[in-house]
Amino acid sequence: MPFPIPMERRGARRTVSVLAFDGMAPFELGCVVEIFGLPRPELEVPWYELTVCAESGADLRIAGGFTMRAAHGLDVAADAGTVIVPAVPDVSGSVSPEVVAALRTAHARGARIVSICSGAFALAQAGLLDDREATTHWRYAGLLQRRFPRVRVDPGVLYVDGGDVLTSAGSAAGLDLLLHLVRRDHGPGVANAVARRLVVSPHREGGQAQFIEAAVVPAEEDDGVAAAMGWALDHLTGPITVGALARAARMSQRTFVRHFGRRTGTSPLRWVTSQRIAASLPLLESTAVPVEEVGAAVGFDSPATFRHHFTRAMRTSPSAYRRAFRATP
């Protein structure tokens with residue numbers, strides 16, 4: 001996880017451009033506008049200047065039966081500090097040479113290039129993902145790997161932060177990545193405030209594997225898993241075993257593990273570990289409690305275990321995370 005760079009050192013990165021395509025779905029564009037396009041004077045930080053850009057000034061057909069017209073061309077996007085590419089309309093096709101040129105120009109100038117969902121295909125076509133780790137919607141991960149073999153596709157994460165090039169998984173994961181950008185730029189306090197206004201979690205643990213299509217779980221089984229999850233969240237500081245979770249769910253261990261996997265896409269103990277890591281983030285961000293005590297406070301049995309699981313999940317150490325995201329008093 002790259003360290004955040006102060007906005008004053010980034011200068012033009014406060015300018016954000018999002019590309020609009022003919023035939024696009026409106027959700028990802030709406031997410032970008034919601035995060036970067038609305039004035040937020042109550043946060044008392046320099047906010048972003050958003051432009052919506054398209055290849056031409058003609059009306060664009062939008063999925064759902066309406067049209068829109070972008071106010072700016074690709075030249076504005078090429079000059080922006082952050083360029084965001086939402087889902088492309090055709091993952092088997094290609095974006096225009098003009099879009100590729102704009103992305104390459106912006107990146108060469110030092111812009112931050114971001115994709116949401118299948119927007120990764122445009123970045124890959126521009127060569128910006130060569131020899132990099134990237135993600136996209138789990139449905140398209142195999143196709144992205146086949147079409148662009150130099151890209152190291154990770155289909156199991158919500159987003160990948162490569163510093164100057166960032167990619168997210170399917171649609172709603174774009175919100176996770178956009179909030180992460182705010183977090184990098186302004187710190188956790190501002191990002192958390194924006195998340196509260198959106199009524200979403202400021203940081204989701206886990207990956208997109210939990211959202212892959214699975215059989216529908218009967219209500220009574222779902223309720224049992226939910227009860228076990230609630231019990232675990234109330235007892236994170238103590239030892240948690242699969243047996244204890246199964247008892248909270250009023251199921252046998254074998255039945256519970258099967259239903260838990262169908263519900264979440266992961267194992268019970270992996271899920272508990274992710275919840276403990278999530279619980280450690282506010283302590284690292286807003287307190288001076290030693291890292292060893294943070295791990296113990298959220299239920300890890302040793303500092304080494306905490307560091308191991310934290311680094312594996314967050315791709316940085318607890319100490320480095322604290323240096324990067326510690327809230328300014």
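**View 1. The largest cavity has a volume of about 40 Å³.** Welcome to this predicted model, seen here from the inside. The count of cavities of 30 Å³ or more comes to one. Around the largest cavity sit Val 88, Asp 90, Gly 93, Ser 94, Val 95, Phe 121, Ala 122, Gln 125 and Arg 147. By type, the lining of the largest cavity splits into four nonpolar, three polar and two charged residues. Helix H5, which spans residues 120-125, gives the most to this lining, with three residues.

**View 2. The second largest pocket is lined by 18 residues.** The space in the second largest pocket amounts to about 240 Å³. If you would like to find its centre, look for Phe 21, Asp 22, Glu 55, Pro 89 and Val 95, the lining residues that lie nearest to the centre. The lining of the second largest pocket is made up of 11 nonpolar, four polar and three charged residues. Val 95 may look familiar: this residue is also part of the lining of the largest cavity.

**View 3. The whole chain has 15 helices and 10 strands.** Let us step back for a moment before the next close-ups. The chain has 329 residues, and buried residues make up 49% of them. Its accessible surface comes to about 15,000 Å², and carbon and sulfur atoms account for 54% of that surface. Taking contacts between residues at least 6 apart in sequence, 66% join residues at least 24 apart.

**View 4. Four rings, those of Phe 300, Phe 306, Phe 310 and Tyr 321, form one aromatic cluster.** Across the model, the count of aromatic pairs comes to nine. One of them joins Phe 300 and Phe 306 in a tilted arrangement, with 5.3 Å from centre to centre and 40° between the planes. Both Phe 300 and Phe 306 are buried. Another pair, Phe 310 with Tyr 321, is edge-to-face, at 5.7 Å centre to centre and 75° between the planes. Phe 310 belongs to helix H14 (residues 303-314) and Tyr 321 to helix H15 (residues 318-325), with their positions 11 residues apart in the chain. How buried are these two partners? Phe 310 has a relative accessible area of 0%, so this residue counts as buried. Tyr 321 is buried as well, with a relative accessible area of 1%.

**View 5. Thr 273 lies in helix H12 and touches the aromatic cluster through Phe 300.** Leaving aside neighbours within four places in sequence, Thr 273 is in contact with Phe 300 and His 309. Is Thr 273 buried or exposed? With a relative accessible area of 18%, Thr 273 is buried, because the term covers residues under 20%.

**View 6. Helix H8 covers residues 188-198 and holds a set of buried residues.** These buried residues are Pro 188, Val 190, Ala 191, Ala 193, Val 194, Ala 195 and Leu 198. Which elements do they pack against? The buried residues of H8 pack against helix H2 (26-37), helix H7 (173-186), helix H12 (268-286) and H15. Just after H8 comes Val 199, which has a positive phi near 60°.

**View 7. Val 242 is placed in helix H10, residues 242-249.** Val 242 has 18% relative accessibility and so counts as buried. Setting aside residues up to four places away in sequence, Val 242 touches Gln 253, Phe 256, Val 257 and Leu 269. Leu 269 is 27 residues away along the chain, and the C-alpha atoms of Val 242 and Leu 269 are separated by 7.0 Å.

**View 8. Glu 44 has a positive phi although it is not a glycine, and so does Cys 117.** The phi of Glu 44 is about 55°, and that of Cys 117 is also about 55°. Where are these two residues found? Glu 44 is in the loop between H2 and strand S2 (49-53), whereas Cys 117 lies in the loop between strand S6 (112-115) and H5. Buried or exposed: which word suits each residue? Glu 44 is exposed, with a relative accessible area of 72%, while Cys 117 is buried, with a relative accessible area of 5%.

Note on methods
Residues are numbered from 1 along each chain as its sequence is written. This is a predicted model: local features need pLDDT of at least 70, side-chain atom pairs count only at pLDDT 80 or more; totals for chains, interfaces and linings use all residues. Side-chain values use heavy atoms; hydrogens and water are left out. On a 1 Å grid over the protein atoms alone, a cavity is a set of points where a 1.4 Å probe fits but cannot get out, and a pocket is an open set with protein on both sides within 12 Å along at least five of seven lines; lining residues have an atom within 4 Å of a point. Grid points are joined across faces, edges and corners, and a volume is the space filled by probe spheres set on the points. Ala, Val, Leu, Ile, Met, Phe, Trp, Tyr, Cys and Pro count as nonpolar, Asp, Glu, Lys and Arg as charged, and the others, Gly among them, as polar. Rings of Phe, Tyr and Trp (its six-membered ring) pair if their centres lie within 6.5 Å; planes under 30 degrees apart count as stacked, over 60 as edge-to-face and the rest as tilted. Buried means under 20% relative accessible area, exposed over 50%, partly exposed in between (1.4 Å probe, protein chains only). Helices (H or I, at least four residues) and strands (E, at least two) are DSSP runs, numbered from the N terminus. Contact means heavy atoms within 4.5 Å. Accessible areas come from the Shrake-Rupley method with a 1.4 Å probe; for residues, only the protein chains shown count as cover.
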